[in-house]
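Reader: Got a minute to go through this one with me? I'd like the salt bridges, then the overall build.

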Amino acid sequence: MAFDATFFAFVGLVLFLALIVYLKVPGMMAKSLDERAENIRKELDEAKRLRDEAQLLLAEYQRKRKEAEADAAHIVAAAEREAAALTAEARQKTEEFVTRRNALSEQKIKQAEADAIGAVRAAAVDLAIAAAESVIAKKADTATRDALFQDAVGKVQSRLN
């Protein structure tokens, strides 16, 4: 039997495999693969736990966002109601102010009319007195003037007291 290179390669392969089996390399490889599989399983469990936690956080943030949107809507509605109330109040105050100013203006106009009527009456009385004085001065004698003067002084004294 001739030993060629194939035989020696085969013997080397058998010795190599025997050495691998003797050193328990397949067990170490299986143990290493099992550890790696366990690590991967742990990482997957951790990833699943983190995913569930992230989903819970997402749901909580979405709920908070909806609550914030609802609060914002309530705030906007309250602001609109307050603005409407302030507008109505300002309109009412403006109307009251205009009414008061109109009443005051009408009162001033009436007072000015009364003052003008009084001034016209006073001017008419002064004119009438001057005309009467002129007529009486032309037609009355001294005794009549003295009697009229005394009568007028008596009436003024009685009205003053």
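**Salt bridges and overall build**

Author: Glutamate 89 and lysine 93 form a salt bridge, with their closest N and O atoms 3.1 Å apart. A salt bridge here is a side-chain nitrogen of Lys or Arg within 4 Å of a carboxyl oxygen of Asp or Glu. Ground rules: this is a predicted model, where local features need pLDDT of at least 70, side-chain atom pairs count only at pLDDT 80 or more, and totals for chains, interfaces and linings use all residues. Residues are numbered from 1 along each chain as its sequence is written, and side-chain values use heavy atoms, with hydrogens and water left out.

Reader: Where do glutamate 89 and lysine 93 lie?

Author: Both are in helix 2, four residues apart, or about one turn of the helix. Helices (H or I, at least four residues) and strands (E, at least two) are DSSP runs, numbered from the N terminus.

Reader: Is glutamate 89 buried or exposed?

Author: Neither; glutamate 89 is partly exposed, at 35% relative accessible area. Buried means under 20%, exposed over 50%, and partly exposed in between (1.4 Å probe, protein chains only).

Reader: How many salt bridges are there in the whole structure?

Author: Eight. Glu46, Arg49 and Glu53 are linked in a network of them.

Reader: What are the N to O distances there?

Author: Glutamate 46 to arginine 49 is 2.3 Å. Glutamate 53 to arginine 49 is 3.1 Å.

Reader: Why can glutamate 46 reach arginine 49?

Author: They are three residues apart in helix 2, so about one helical turn separates them. Glutamate 53 and arginine 49 are four apart in helix 2, again about one turn. An α-helix has 3.6 residues a turn, so residues three or four places apart point the same way.

Reader: And the accessibility of glutamate 46, arginine 49 and glutamate 53?

Author: Glutamate 46 is partly exposed at 34%. Arginine 49 is partly exposed at 41%. Glutamate 53 is partly exposed at 38%.

Reader: New topic. What is the pattern along the sequence?

Author: It reads α-α-α. There are three helices and zero strands.

Reader: What is the radius of gyration?

Author: It is 62 Å, against near 15 Å for a compact globule of 161 residues. That radius is taken over C-alpha atoms, and the globule rule is 2.2 Å times the number of residues to the power 0.38. The C-alpha trace spans about 195 × 35 × 20 Å along its principal axes.

Reader: How many of the residues count as buried?

Author: Just 1% of the 161 residues. The protein exposes about 14400 Å², with carbon and sulfur atoms supplying 63% of it. Accessible areas come from the Shrake-Rupley method with a 1.4 Å probe; for residues, only the protein chains shown count as cover.

Reader: Which residues make the nonpolar surface patch?

Author: Phe3, Phe7 and Phe8, with about 320 Å². Patches take residues with over 30% relative accessible area and no salt bridge: like charges are joined within 9 Å, nonpolar side chains (Val, Leu, Ile, Met, Phe, Trp, Tyr) within 5 Å. Phenylalanine 3 sits in the segment before helix 1 (5–22) and is partly exposed at 49%.

Reader: What follows helix 1?

Author: Lysine 24, whose phi is positive, near 60°. Lysine 24 is not a glycine. Most residues other than glycine have a negative phi. Lysine 24 is in the loop between helix 1 and helix 2 (25–139), and counts as exposed at 60%.
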